[in-house]
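Please look through the sequence and the model below, and keep both in view while reading the paragraphs that follow. They go from one helix to the salt bridges and then to a pocket.

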Amino acid sequence: MRAGGASVGVGEVLAGHRALAAVPPSAARAAHRATRCSCRADLRACDAAWARLLAAAGGPGGDRAGAPEDEILDDLVRTARMALPRVGVPPAEAPASPPPPPPGAGEPLPAAWSPEELLLDKDFSTYSAAERALARVLLERLARRSARRRSRRTRPSGRRGEVPDLRATIRASLRHDGEPIDRRWRTPGSRPRPLVLVVDVSGSMAPYARMLLQYVQAAVAARRPVEAFALGTRLTRITRELRGRDPDRALARAAEAIVDLGGGTRIGEALGVLNRVHGRRLGRGSVEVILSDGWDRGDPEELGVEMARLRRTAHRLVWLNPLAADPAYAPLTRGMQAALPHTDDLLAGNSIASLEALAELMESIT
């Protein structure tokens, strides 16, 4: 199920083991679906994994070829019950007094791990296909977190504020013969701050561009005020291509729209197009995020000028560089040296943990 993209943690695994110990073999599939599935996508992954399990145990290539399904399930459940004590679940009939531990031995602790925790600090360039499918769920969670700003619209408040809610106060006064005893107040609300994501798709970013594009697609699909651009030898707006519920089709449409995928990089010229052609669409007060390693074939002075102009219109300018994950990293390239003076934050963009740091940074922006 994890290989199919389902989010199955240690708690779901232990709950499934307890369910197997409590139900007959005929209800094993229903027990798995009830304890290890939290959404419709998990149900599809569970059914596919269940079909592969039965095929391996009793299919043409299995040891029980031609056996009835009940007998196959009985053997599988019996094997699972034998393995229950090894995963921290007590057996059905625990001994009244467990034997004392040998002298010098510490208190045994159950060993548990989660694939999501293993993926947090793992570099994107070393991901397998199954890990990319599992990371998609984590990226969708991170994409929902965004920066917010104060809105002109107000909302009801339970505390005394500066803006009285006249309509609610009059409505509450009807309970007291028209006397405004219970005064109601409103407080300024908040709304998502616009987000602009510019991802480098040049050849030097090939090990990271695929995962970063997945994050960008999840951000575009999760909320409205998001603009996405692909940066190479030219700038390509891919916001419309990345919209939709199916991420695979959205990424395929974006790949067709990017004509310079895997080519060179001219960051200064691309940012110039961003400032002059798309500046009105971006507006002011947005969070600008550039995901690039900083390798640039263009003029560094032009990059510095365009970064300064972009910084004047943006509320926060963040640069994600996968090379910055190395503690010994130093901005030696001319492109990064020209861009850093106009950058508010420099983060590593090589792992889920670095994108989580970006989400925490955006949530702290007001």
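In this predicted model, the buried residues of helix α15 are I352, S354, L355, L358, A359, L361 and M362. The word buried is used here for a residue with under 20% relative accessible area. The helix itself covers residues 352-363, and its length can be checked with simple reasoning: at 1.5 Å a residue, its twelve residues should span 16 Å, and because the C-alpha atoms at its ends are 16 Å apart, the expected and the computed values agree.

From this helix we can turn to the charged side chains, which pair up in eleven salt bridges across the structure. One of them joins D47 and R33, whose closest N and O atoms are 2.6 Å apart. Since D47 belongs to helix α3 and R33 to helix α2 (residues 28-36), this pair ties together parts that are 14 residues apart in sequence. Both partners fall in the partly exposed class, D47 because its relative accessibility is 28%, and R33 because its relative accessible area is 25%. Salt bridges that share partners also bring in R29, so that R29, R33 and D47 are joined into one network.

Another salt bridge is formed by R186 and D165, with 3.2 Å between the closest N and O atoms. Here R186 sits in strand β3 (residues 185-192), whereas D165 is found in the loop between β2 (163-164) and α7 (166-173), so the pair ties together parts that are 21 residues apart in sequence. The two partners are placed in separate classes of accessibility, for R186 is partly exposed at a relative accessible area of 23%, while D165, at 10%, is buried.

A further salt bridge links the side chains of R249 and D246, with an N to O distance of 3.5 Å. In this pair R249 is exposed, having a relative accessible area of 58%, and D246 counts as partly exposed at 33% relative accessibility.

What remains is the space between the atoms. Rolling a probe the size of a water molecule over the atoms shows where empty space is left. The largest pocket has a volume of about 530 Å³, and of the 17 residues that line this pocket, G5, A41, R44, V137 and E140 are the closest to its centre. Helices α3 (40-58), α6 (129-143) and α10 (247-257) each supply at least two residues of the lining. Sorted by class, the lining of the largest pocket is made of seven nonpolar, three polar and seven charged residues.

Key
Residues are numbered from 1 along each chain as its sequence is written. This is a predicted model: local features need pLDDT of at least 70, side-chain atom pairs count only at pLDDT 80 or more; totals for chains, interfaces and linings use all residues. Side-chain values use heavy atoms; hydrogens and water are left out. On a 1 Å grid over the protein atoms alone, a cavity is a set of points where a 1.4 Å probe fits but cannot get out, and a pocket is an open set with protein on both sides within 12 Å along at least five of seven lines; lining residues have an atom within 4 Å of a point. Grid points are joined across faces, edges and corners, and a volume is the space filled by probe spheres set on the points. Helices (H or I, at least four residues) and strands (E, at least two) are DSSP runs, numbered from the N terminus. Ala, Val, Leu, Ile, Met, Phe, Trp, Tyr, Cys and Pro count as nonpolar, Asp, Glu, Lys and Arg as charged, and the others, Gly among them, as polar. The expected span of a helix is 1.5 Å times one less than its number of residues. Buried means under 20% relative accessible area, exposed over 50%, partly exposed in between (1.4 Å probe, protein chains only). A salt bridge is a side-chain nitrogen of Lys or Arg within 4 Å of a carboxyl oxygen of Asp or Glu.
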